[in-house]
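Hi there,

Here is the structure I promised to pass along, with my notes on it underneath. Have a look at it first, and then read on whenever you have a moment.

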Amino acid sequence: ELGVSHLLSSNSYSFPSGHAITYFALSAGVFMANRKLGLVFFALVFIMGIARIAAGMHYPLDILGGAVLGILTAYVLDFVYKRYSKIN
C-alpha cells in the first residue's frame, strides 16, 4: 500500500479522480472567461487535490490524470462550441 493510510475506505477504482476531472474542467472554463478568477479556482482545486491525497482517498497520479482530462475536456468543448456556434 505504499504507506498510504486511508481516512475513508472505498471498494471502487480511483483513477482518474472524478472530483479532479469535474473541478479542473470547471476551473479551466472559468480561466478561459476570466484569467484572474480562473487562477483562484485552479489554486483552490489544487488544494482540494492535495487534501484528497492526504486523506488517503487518491494517489497523486489519480489527481494528475483527473486534472489532465478535465482541462482537456474544457478546451475541447470550448473549441467545438466556438467552431460550430458560427454555423447558425
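**What turned up in the model**

Ser27 is buried, with a relative accessible area of 0%. Please keep in mind throughout that this is a predicted model. Ser27 sits in helix α1, which covers residues 18–33. Its C-alpha atom is 5.2 Å from that of Phe41, although 14 residues separate Ser27 and Phe41 along the chain.

**The overall layout**

The protein chain has three helices and zero strands, and along the sequence the pattern reads α-α-α. Of the 88 residues in the protein chain, 25% are buried. Ser27 belongs to that buried group, since its relative accessible area of 0% falls under the 20% cut-off.

**How the helices pack**

Two packed helices are described by the angle between their axes and the distance between the axes. Here is how the pairs come out.

Let me start with α1 and α2. The axes of α1 and α2 are 7 Å apart, and the packing angle is about 165°. That makes the two helices roughly antiparallel, because an angle over 145 degrees counts as such. The crossing of α1 and α2 is left-handed.

Next come α1 and α3. The axes of α1 and α3 come within 7 Å, and they cross at roughly 40°. α1 and α3 are therefore oblique to each other, as the angle is not under 35 degrees, the cut-off for roughly parallel. The crossing of α1 and α3 is right-handed.

That leaves α2 and α3. Their axes lie 9 Å apart, with a packing angle of about 150°. α2 and α3 are therefore roughly antiparallel to each other, and α2 passes α3 in a right-handed crossing.

**The salt bridge**

How many salt bridges does a search of the whole structure find? The search finds one. Side chains of opposite charge can pair when their charged atoms come close. In this model the pair is Asp78 and Lys82, whose closest N and O atoms are 3.2 Å apart.

Why are Asp78 and Lys82 separated by about one helical turn? The reason is that Asp78 and Lys82 are four residues apart in helix α3, which spans residues 60–84. Asp78 is partly exposed at 23% relative accessibility, and Lys82 is partly exposed too, with a relative accessible area of 48%. For Lys82, the value stays below the exposed class because exposed means over 50%.

Asp78 also has a partner far along the sequence to look at. The C-alpha atoms of Asp78 and Met32 are separated by 8.7 Å, while the two residues are 46 residues apart along the chain.

**A nonpolar patch on the surface**

Leu37, Val40, Leu44, Phe46, Ile47 and Ile50 make a nonpolar surface patch of about 580 Å². Two of its members are worth picking out on your screen.

Val40 lies in helix α2, which runs over residues 35–54. Is Val40 buried, partly exposed or exposed? At 43% relative accessibility, Val40 counts as partly exposed.

Leu44 is also found in helix α2. Leu44 counts as exposed because its relative accessibility is 54%, and the cut-off for exposed is over 50%. Measuring tools in your viewer should let you find the next pair: Leu44 and Phe24 are 9.9 Å apart in space, C-alpha to C-alpha, and 20 residues apart in sequence.

**Before the first helix**

One more spot to visit is Pro16, in the segment before α1. Pro16 counts as partly exposed, at 27% relative accessibility. Which residue is 46 residues from Pro16 in sequence and 4.6 Å from it in space, C-alpha to C-alpha? The residue is Asp62.

**A route through the model**

If you would like an order for looking through it, here is one:

- Begin with Ser27 in helix α1 and its C-alpha separation of 5.2 Å from Phe41.
- Move to the nonpolar patch, including Val40 and Leu44.
- Go on to the salt bridge between Asp78 and Lys82.
- Finish at Pro16 and Asp62, with C-alpha atoms 4.6 Å apart.

Happy browsing, and best wishes!

Conventions. Residues are numbered from 1 along each chain as its sequence is written. This is a predicted model: local features need pLDDT of at least 70, side-chain atom pairs count only at pLDDT 80 or more; totals for chains, interfaces and linings use all residues. Side-chain values use heavy atoms; hydrogens and water are left out. Patches are made of residues with over 30% relative accessible area and no salt bridge: like charges are joined within 9 Å, nonpolar side chains (Val, Leu, Ile, Met, Phe, Trp, Tyr) within 5 Å. Accessible areas come from the Shrake-Rupley method with a 1.4 Å probe; for residues, only the protein chains shown count as cover. A salt bridge is a side-chain nitrogen of Lys or Arg within 4 Å of a carboxyl oxygen of Asp or Glu. Buried means under 20% relative accessible area, exposed over 50%, partly exposed in between (1.4 Å probe, protein chains only). Axes are lines fitted to C-alpha atoms, for helices over the stretch in contact, and angles run from 0 to 180 degrees between N-to-C directions. Angles under 35 degrees count as roughly parallel, over 145 as roughly antiparallel, 65 to 115 as roughly perpendicular and the rest as oblique. A crossing is left-handed if the near helix is turned anticlockwise from the far one by less than a right angle, and right-handed if clockwise.
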